[in-house]
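Trainee: Could you take me through the open and enclosed spaces of this model, with a close look at what lines them? I would also like to hear about the backbone and packing features that go with them.

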Amino acid sequence: MKERMSKAVLDVKMSGIREYGALAKAQPGCLMLTIGEPDFETNDKIKAKVSEDLESNLTHYPEGNGEPYLRQAIARFEAERNGYDYTADEVIVTAGATGALFCALTGVIDPGDEVIVPTPAFGVYESIIKLNHGVYVAMPTADDQFQITREALEKAASSKTKAIVINSPTNPTGCVLNEKSLENVCQFALEKNIFVICDDVYSQLVFTENYRSLASFRQLRNRLILVNSFSKPYAMTGWRVGYICADAPVRAELQKVNQNTIVSVPAFVQHACETALTMDTTAMRETYRRRRDFVCSRLADMGLEAVKPEGAFYVFPSIKKFGLDSDTFCRRMIKEALVAAVPGWCFDAEGYLRISYCYADDVLAECMDRMERFVKSL
């Protein structure tokens, strides 16, 4: 009966990232630089709140959009940290950033609508777009140092363009969009009357002082859907909690998607998430900055070119000079060097590989040593 299933589902591929992780696990002694997950543990103060709530029998249905106290805390956090003017009634608590993206894209896509995605990009964007019977439109940025030009936007646009997805700092490059890129997207979205899905999951893991999110362009407020998550900045990947902030009329419609897919996130994690918003992420961010500097220095010594990441915990070096496609390069590196990275094709960018540096210092050092020997052997 498989052939009778939804064509949209049949056309979607499983995660390429996990595929190469599985290859690495099957290779004895292989070290992995594949997963974008903090190697820190969730803060004890955050975890304690779950115990308290379970002890208090907070185990019944919560409000579908998130409990009012958590939505108020999110609105307050975004106001104090970023100056955004969302109210608690413009917030939806979701099942991670992926749930937020699914909610946002499902809420704006009609069959045949086109969604522009600057590439390289996290593969879940394409999957969600296709599951909603939309058309994924890749907009390559590698030739522009992963920045966004007006020319690229116009080339990707059509009369069917409905939205654009913006992620900064980006997965997989770690690059931060500069002011010109942001202005280009802002003007484009206003002129074309399209939605902007602003994926800010790495916005607290930025190494530059002049960072600005597209969400700060408040002239986009009525069409911008802000997506964020507790996973990356607070080392809460397994908690699966994120959120959306959107203009009230848009949020009123998006809540239908959230409540008809997940109903709500668990009641007993919401005070913990409220506590997380009070945590200082500086130490974690500085650890990633130090690891970035180490990995980028080692890659440069190997002769591998990469745009220096200004956030997140990834670097995306080019491997074009070796004459190998990214799949072949990564499979060989797993077998010959016992190091696993993610090939660029997983992010719609052939000729590159993604290295995650959210691993312990000794692991990163050993991986760089192994990788250097492999590169010299090519």
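Mentor: Happily; what follows starts with the enclosed space, moves on to the pockets, and ends with helix packing and salt bridges. Please keep in mind that this is a predicted model.

Let us begin with the enclosed space. The structure holds one cavity of 30 Å³ or more, and the largest cavity contains about 130 Å³ of space. Its lining is made up of 16 residues, and those closest to the centre are P118, T119, P120, N167 and T170. Two elements, β3 (114–119) and β5 (161–167), give two or more residues each to this lining. Sorted by class, the lining of the largest cavity has ten nonpolar and six polar residues, with no charged ones. For anyone thinking about electrostatics, that absence of charged residues in the cavity lining is a handy detail to note.

The backbone deserves a look here too. Most residues other than glycine have a negative phi, and most peptide bonds are trans. Against that background, T119 and P120 are joined by a cis peptide bond, with omega at about 10 degrees. Both T119 and P120 are among the residues closest to the centre of the largest cavity. P120 itself sits in the loop between β3 and α6. A second cis peptide bond runs from S168 to P169, where omega is near -5 degrees. P169 belongs to the loop between β5 and α8 (179–192). So much for the cis bonds; N57 is a case of another kind, with a positive phi of about 60 degrees although it is not a glycine. You will find N57 in the loop between α3 and α4.

Now for the open spaces. The largest pocket holds about 1300 Å³ of space. It is lined by 47 residues, of which S15, I17, R18, F122 and V124 are the closest to its centre. Helices α2 (16–25), α5 (96–108) and α6 (124–131) each supply at least two residues of that lining. Of the elements, α6 gives the most, with seven residues. The class division of this lining is 22 nonpolar, 13 polar and twelve charged residues.

The second largest pocket has a volume of about 230 Å³. Its lining counts 18 residues, and R81, N82, S203, Y211 and R212 lie nearest the centre. The elements giving two or more residues to it are α4 (68–82) and α11. Helix α4 provides the largest share, three residues. By class, the lining of the second largest pocket divides into four nonpolar, seven polar and seven charged residues.

Since α11 has just come up, let us follow this helix to a packing partner. Two packed helices are described by the angle between their axes and the distance between the axes. Helix α11 (residues 282–301) packs with helix α13 (residues 361–377) at an angle of about 10 degrees, and the axes are 10 Å apart. The two helices are therefore roughly parallel to each other. On the α11 side, the contact involves R290, R291, F294, V295, R298 and L299. On the α13 side, the residues are D361, L364, A365, M368, D369, M371 and E372. By class, this contact has seven nonpolar and six charged residues, and no polar ones.

Finally, a word on charged pairs. A search of the whole structure finds 28 salt bridges. One to look up is between the side chains of K49 and E52, at 3.7 Å from N to O. Both residues lie in helix α3 (residues 44–55), three residues apart, which is about one turn of the helix.

Key:
Residues numbered from 1 in each chain as written. Predicted model: local features only at pLDDT ≥ 70, side-chain atom pairs only at ≥ 80, totals over all residues. Heavy atoms only, no water. Axes fitted to C-alpha atoms, helices over the stretch in contact; angles between N-to-C directions. Helix = DSSP H or I, 4+ residues; strand = E, 2+ residues; numbered from the N terminus. Parallel < 35°, antiparallel > 145°, perpendicular 65-115°, else oblique. Contact = heavy atoms within 4.5 Å. Nonpolar A, V, L, I, M, F, W, Y, C, P; charged D, E, K, R; others polar. 1 Å grid on protein atoms, 1.4 Å probe; cavity = no way out; pocket = protein on both sides within 12 Å on 5 of 7 lines; lining within 4 Å. Points joined across faces, edges and corners; volume = space filled by probe spheres on them. Salt bridge = Lys/Arg side-chain N within 4 Å of Asp/Glu carboxyl O.
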